[in-house]
Amino acid sequence: MTPPFFSRLRVQIPLAFVSLSAIVAILISVDHQRDTAERIVSENRDLLHIMMLQLDGMIANDTFEESMLQGESRIPTTALHTNMRRLLLVDEQNHVLQASDSDWLGKTASEISAFRPDLALLAQKRQRGEILSNDNETLLYGYYPLPLGVQLSGTNSRQRWGTLFVEYDLGEPLAQARRHAMNKAFRFLGLSLAAAILLGMLIDALVSRRTERLVSIASRIASGEMSARSGLVKPDEIGLLGRAIDRMADDLAADREALGRERKFSEDVIQSVTIPLFILDKDHRVIIWNRACEMLTGIKAIDIVGTTEAWRAFYSRPRPCLADLVLDGKSDHAGEYYQVVGSSVFNAHSFHAENWFSGLNGQDRYLMFDATPIYGNDGKLIAVIENLQDITSIKKAEDHLRLTGQVIESTREAIVITDAENRIVSINRAFTDVTGYAREDVLGRDPSMLASGRHDKAFFHNMWESLHVRDSWQGELWNRRKNGEVFPLWTNISSIRDNNGNLTHFVAIFADISEHKATLKHIEFLAHHDTLTKLPNRLLLLDRLQQAINLAEREKHRVALMFLDLDRFKQVNDSLGHHVGDDLLVAVVERLKSCVRETDTISRQGGDEFVIVLPDILDSNAATIIAEKILETLREPFVIDGHQLSTSFSIGISLYPDDGREIATLMQNADTAMYHAKESGRNNCHYYDESMNANAAERLKLQNKLRQAMEHGEFLLHFQPLISLKDHTIIGSEALLRWKSAEDGWVPPAKFIPLAEETGFILNIDAWVLREACRQAQEWVNIGLPQLTVAVNISALQFKRGRILDSVNEALAASGLAPHHLEIELTESVLIQDTQHTRKQLNQLNSLGVRLSIDDYGTGYSNLSYLKQLDVDKLKIDQSFVKDMLVDELDAIIVRSTVELAHNLGLQVLAEGVEDQAILTLLQNLGCDQAQGYHIGKPMPPKEFEKLLRSKL
């Protein structure tokens, strides 16, 4: 493409010439016009001056005055110039006497805009002429005094003067002068334009075209068209330059051809190199991407050469390659992008990096990079060549070897490697840990140095035969440690052969199984024994029971099966903790062992249940003797952890074959007999009989009915009034659960409450009682009765399971009852089962505003410490102390002491079981706060309680 400068040269130079000529023409025209105007003005001034000189001559010769007296006007002919616009002769009063235009005669000269009376007066006074002009000198004004004769007035006379006023209009001559100057300027411009056209043609022919050709040829050569030639042959400077460019083009074509051959050779070399490489120029553009790089990355050169996206061959998002970092001078930041960085071993100026690449061309690869900067002759960085090596297999091999070494060194199994002559060449750390021998102790020696002497020659003969035939052997081997200790090993020995099948090494891997053997023995013991008491467990018991039955079957003897349940053991766990309970069980077992024979089997079934098998007995008397011995042995209290504890057994006995021939039948019948012993008051022994099954069935039936009662709405509440002993007013009620079965009628609480607690169904019952008691209490308020406190008994299981707070919140929310009108009654077993856990729940109830009372105080593990720790509101004295106060002094003392204790602790006291007026009076005298009992009011349905309340209003 021809540069614009040369294409415009043929126009710009003539245009500049024309512009300069126009400026010169304008300057000449202005100067000529100014000279002409000055000449015209000067000439007309001279004419006016000449006319005034003529008038002066006429006046000097009295010619003018005579002519005026004669009425003639002989104004000099020079005044009649073509440029004259007006000529006036005015008197002293500025009246026009004569005029070049007769229309002005008789008028006052002041009416003429150009006439100035002050100048006329000035000319008369000075008696000489005045010549003036306007601002642009297009008009000339002449004022000249003329004598008008002598005026006679009596004896006096004076000379009268007039003024000759002449106005010259120079506008037309000046306009003609301007037109003449413009015509001269246009003629000059025309000549200049013709000269500029001729100049442009000459420049175009002699300079521009030839120069443009030179530039065009140079551009074509620069773009790679080496065949282009100027064709300029004239012997001038441009011709010489053209021939020089032609020669340069010839040289460049030759050089380019040679360079092309060299470049093709270089590219062929680069493309044939098996090492992947690419080159980035100084602008980060990819200029080389060889075939090896294509194969490694999966990206073709045609898709990436010319771009600045070398990163996309390796990474999922834009980030610099090592070559990019070198180009930007940020090679010290390579550690941010690569796992391994450093100096290249190939070139001191190169940079090295290594990294794993996931999913590179569909595979995980470990690549090693070396980036070398390339500098130009001026020392500036012009490109960077980066070569890649896929050393994944080497890296994996190194990692595998390293991992293998680490595994061998860190494995818990001892490893020893020997050569083909069975000389030790390597061991690991575990070998030293197991045998006590250090590396220097064993290298070069035979492993037989570890022999324990426990194995005979046949053992080792078989081992070596297996190694030579099957290339492996494994088994238990006893060796000797450095300290002389003999220990068992589980050993695996392998023969290692080369590719030709020649034996090169032996590798032995062995583990110390001393602990394993001990563990197996312990596991076997645990599998058949209870971990706490070390007694046989159920599995071993069944095995021994079956053996006893088999023996009895052959010998025609009997077998007694005893089920034992430790009485009140749960209270020990709940009150004193499981550690005390465990110690108690161990102590009980020691006493049990002293009561049975060596051939008998004692087994713990779990918790506080035990089973004893008495094989080879003739009749039930043997079992009775052992049972009585057991009961007698347990009469003596146990001292556990500073606590004196008393316990007993409830024992059930079944006999083979009298009560069953199958183990399951015997077990079930003994269990049934044990439950009957427990229901009969504990600390006794019962033999099984058929009637017991009926009782067990009845118990199961009752359990099923208990669950159905909730669904069928058979539960209801009765309310027993609580009174204040100050004024005998009803201040509350205790909600008592009743069950009216559709099938059996009224079921006593003593019959179903223990069963509900045992099965856990008491949790559902407690939640229902809470909801119904709160609902009923709030309903009485809604119908206008006084607000009373309702007391509800809560099972210990509610606190143990941690559900009491949820149950109370749900009941209060559903009913709308104020929390301080609900009183929760707690048994002493609740308070001592887990003081910390219980305290947390009681504190939560206190924070709600619910009142708390301790029920049946004095009947359990009465302890002042929990009264101090727990924030309760009331103590309820059990009726067992209240009903005999009048006849039992000790009961009266207990009640009085309890009242005083409670008041000293800031608690209220309620007495239960008040059945006559005398007891009520005595309680009032002792300072008791509240009371309840049949004398005050029996438990009654809600409607009857409502009537009672209304009767008291």
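These legends go with close-up views of a predicted model.

**View 1. The second largest pocket and what lines it.**
Here we're looking into a pocket with a volume of about 370 Å³. Its lining is made up of 19 residues, and Pro447, Ser448, Met463, Leu477 and Ile493 are the ones that lie nearest the centre. Sorted by class, the lining has 13 nonpolar, five polar and one charged residues. Helix α12 (457–470) gives the largest share, four residues. The elements that each bring at least two lining residues are β12 (414–419), α12, β14 (472–480), β15 (486–497) and β16 (503–512).

**View 2. Thr647, a loop residue.**
Thr647 sits in the loop that runs between β21 (643–645) and β22 (649–656). Is Thr647 buried or exposed? Its relative accessible area is just 9%, under the 20% cut-off, so Thr647 counts as buried. The Thr647 side chain reaches the backbone oxygen of Asp567 at 3.1 Å. Setting aside residues up to four places away in sequence, Thr647 touches Leu566, Asp567, Val588, Leu634 and Phe638.

**View 3. The largest nonpolar core.**
This core takes in 70 residues. Which of them have the most contacts inside it? They are Phe715, Ile765, Leu770, Val808, Leu822, Ile824 and Leu923. Helix α21 (residues 762–782) gives the most to the core, with ten residues. In soluble globular proteins, nonpolar side chains tend to be buried together.

**View 4. Ile765 up close, and a second core.**
Zoom in on Ile765 and you find it touching Leu706, Met710, Phe715, Leu737 and Ala756, with residues up to four places away in sequence left out of the list. A second core, separate from the largest one, has 34 residues, including Ile630, Phe638, Ile640 and Ile653. Phe638 is also one of the residues that Thr647 touches.

**View 5. Lys874, a lysine in a strand.**
Look for Lys874 in strand β30 (residues 874–877). Lys874 has a relative accessibility of 3%, and because anything under 20% is called buried, this lysine is buried. What is Lys874 in contact with, once neighbours within four places in sequence are left aside? The partners are Glu823, Leu852, Ser853, Ile854, Gln908, Val909, Leu910 and Gln930. Glu825 is 49 residues from Lys874 in sequence, while the two C-alpha atoms are 9.1 Å apart in space.

How values were computed: Residues are numbered from 1 along each chain as its sequence is written. This is a predicted model: local features need pLDDT of at least 70, side-chain atom pairs count only at pLDDT 80 or more; totals for chains, interfaces and linings use all residues. Side-chain values use heavy atoms; hydrogens and water are left out. On a 1 Å grid over the protein atoms alone, a cavity is a set of points where a 1.4 Å probe fits but cannot get out, and a pocket is an open set with protein on both sides within 12 Å along at least five of seven lines; lining residues have an atom within 4 Å of a point. Grid points are joined across faces, edges and corners, and a volume is the space filled by probe spheres set on the points. Ala, Val, Leu, Ile, Met, Phe, Trp, Tyr, Cys and Pro count as nonpolar, Asp, Glu, Lys and Arg as charged, and the others, Gly among them, as polar. Buried means under 20% relative accessible area, exposed over 50%, partly exposed in between (1.4 Å probe, protein chains only). A polar contact is a pair of N or O atoms within 3.5 Å; within protein, one must be able to donate a hydrogen and the other to accept it, and residues adjacent in sequence count only if both atoms are side-chain atoms. Contact means heavy atoms within 4.5 Å. A nonpolar core is a set of buried Ala, Val, Leu, Ile, Met, Phe, Trp, Tyr and Cys residues joined through side-chain atoms within 4.5 Å.
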